[in-house]
Amino acid sequence: MIGGSTKVCLILGYPLKHTRSPLMHNAAFAALAMDYAYIPLEVKPEGLSAVIQALRGMENFGGANVTVPHKVQVMEYLDGWSQEAEAIGAVNTLYKIGGELWGENTDGRGFIASLREEVDFLPQGKRVMLLGAGGAARAVIQALVWEGAEKIYLVNRTLQKAQGLASSLRKKTGRPSLVPMGFDDPLFPARLQECHLLVNSTSVGLSGDDPPLFDYRLLPSRLLVYDLIYDPELTPLLRTAQERGCSTFNGLGMLVYQGAFSFEIWTQRPPPVEKMREAVKAIV
Ligand code: ATR
């Protein structure tokens, strides 16, 4: 029940009609009988600065998530952010510390926790192919680099974007193991064969009509295939991967774990991960 002493958490984004974060976090607060509420706040880019300013004056601020399209822009209005957010170049979590408003990014950790907890996969020493070079890709690559992946092939429709991402990350991490390439690279099939993990971070698969990114029949059966998309639950990539005998995972786990890490930052309590997962699964 929302009352006078309730702390209010928010998600800032636009549009938010389909967000599952309020369900997930309110289920977590209910499970631990915490006097918190989590509310969507639809904000267009031109309104973001004023809303962030208002948060500074909000005494019962419990914390916030930031989602599309504000994850990069929001940094302009903060007092600081973590090393992780700096490396990813974006923020998905806000919290107050000593009267200041700070940013964190839990997407990369969320992805790694999902791999570890649900898939029992540790990136250390592994070869990974990542499809896409947008915001989601950045968090995933950064986390894979930290976890010691041996080699990461960055495959993108627009090759220059993959090249740009690889060179900016190389400068930051000093690791030479990021290899940008296009889907039409003649080495694509051979490189796919040598990977342990394939991750889709593009938006292809969100709509059933999307043409495939490549011929999915090339997927080797021992490959682990992880699609960051969770709605639909089974994208054409995951469906074909299953038919080929691959182990497959969708983005629900990453959603849950990035939320769990945010929850922990705001409340300093262990997040009720299974309750959070049940809440987001209930509407799949
Ligand atoms: P996000 O923040 O979710 O990563 P984004 O930054 O808009 O979103 O990135 C979308 C990614 O999906 C990009 O890698 C994009 O490829 P381009 O860089 O070539 O635009 C990729 N993508 C989107 N539609 C695609 C399509 N039809 N075929 C191949 N890649 C596509």
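A salt bridge is counted here when a side-chain nitrogen of Lys or Arg lies within 4 Å of a carboxyl oxygen of Asp or Glu. The exercises below apply this to a predicted model.

**Exercise 1.** Decide whether Asp 107 and Lys 71 form a salt bridge, and establish where in the chain the two residues lie.

*Solution.* Begin with the distance: the closest N and O atoms of Asp 107 and Lys 71 are 2.8 Å apart, and the cut-off is 4 Å, so the pair counts as a salt bridge. Next, place the partners: Asp 107 belongs to helix α4 (residues 107-119), while Lys 71 sits in the loop between β3 (61-66) and β4 (80-81), and the pair thereby links distant parts of the chain, 36 residues apart. Finally, consider accessibility: Asp 107 has a relative accessible area of 10% and is buried, whereas Lys 71, with 23%, is partly exposed.

**Exercise 2.** Explain why the salt bridge of Lys 17 ties together separate parts of the sequence.

*Solution.* The partner of Lys 17 is Glu 42, with the closest N and O atoms 3.1 Å apart. Because Lys 17 lies in the loop between β1 (7-13) and α1 (21-31) and Glu 42 in strand β2 (residues 36-42), the pair ties together parts that are 25 residues apart in sequence. As to accessibility, Lys 17 is exposed at 66% relative accessible area, and Glu 42 is partly exposed at 37%.

**Exercise 3.** Describe the open sheet that contains β7 and β8, and then locate the salt bridge between Arg 127 and Glu 150 with respect to these strands.

*Solution.* The open sheet is formed by 6 strands in the order β9-β8-β7-β10-β11-β12, with parallel pairing. Its edge strands, each pairing on one side only, are β9 (178-181) and β12 (247-249). On average, neighbouring strands are turned by 15° against each other, direction ignored. Within this sheet, β7 (residues 127-131) and β8 (residues 151-155) pair in the parallel sense over 5 bridges, and Leu 130 stands opposite Leu 154 in β8.

Turning to the charged pair, Arg 127 forms a salt bridge with Glu 150, the closest N and O atoms being 3.6 Å apart. Arg 127 is in strand β7 and Glu 150 in the loop between α5 (135-146) and β8, 23 residues apart. Both partners are partly exposed, Arg 127 at 22% and Glu 150 at 41% relative accessibility.

**Exercise 4.** State how many salt bridges a search of the whole structure finds, and identify residues joined into a network.

*Solution.* The search finds 12 salt bridges. Glu 84, Glu 104 and Arg 109 are joined into one network by salt bridges that share partners.

Note on methods
Residues are numbered from 1 along each chain as its sequence is written. This is a predicted model: local features need pLDDT of at least 70, side-chain atom pairs count only at pLDDT 80 or more; totals for chains, interfaces and linings use all residues. Side-chain values use heavy atoms; hydrogens and water are left out. Two strands pair if DSSP finds at least two bridges between them. Helices (H or I, at least four residues) and strands (E, at least two) are DSSP runs, numbered from the N terminus. Axes are lines fitted to C-alpha atoms, for helices over the stretch in contact, and angles run from 0 to 180 degrees between N-to-C directions. Buried means under 20% relative accessible area, exposed over 50%, partly exposed in between (1.4 Å probe, protein chains only).
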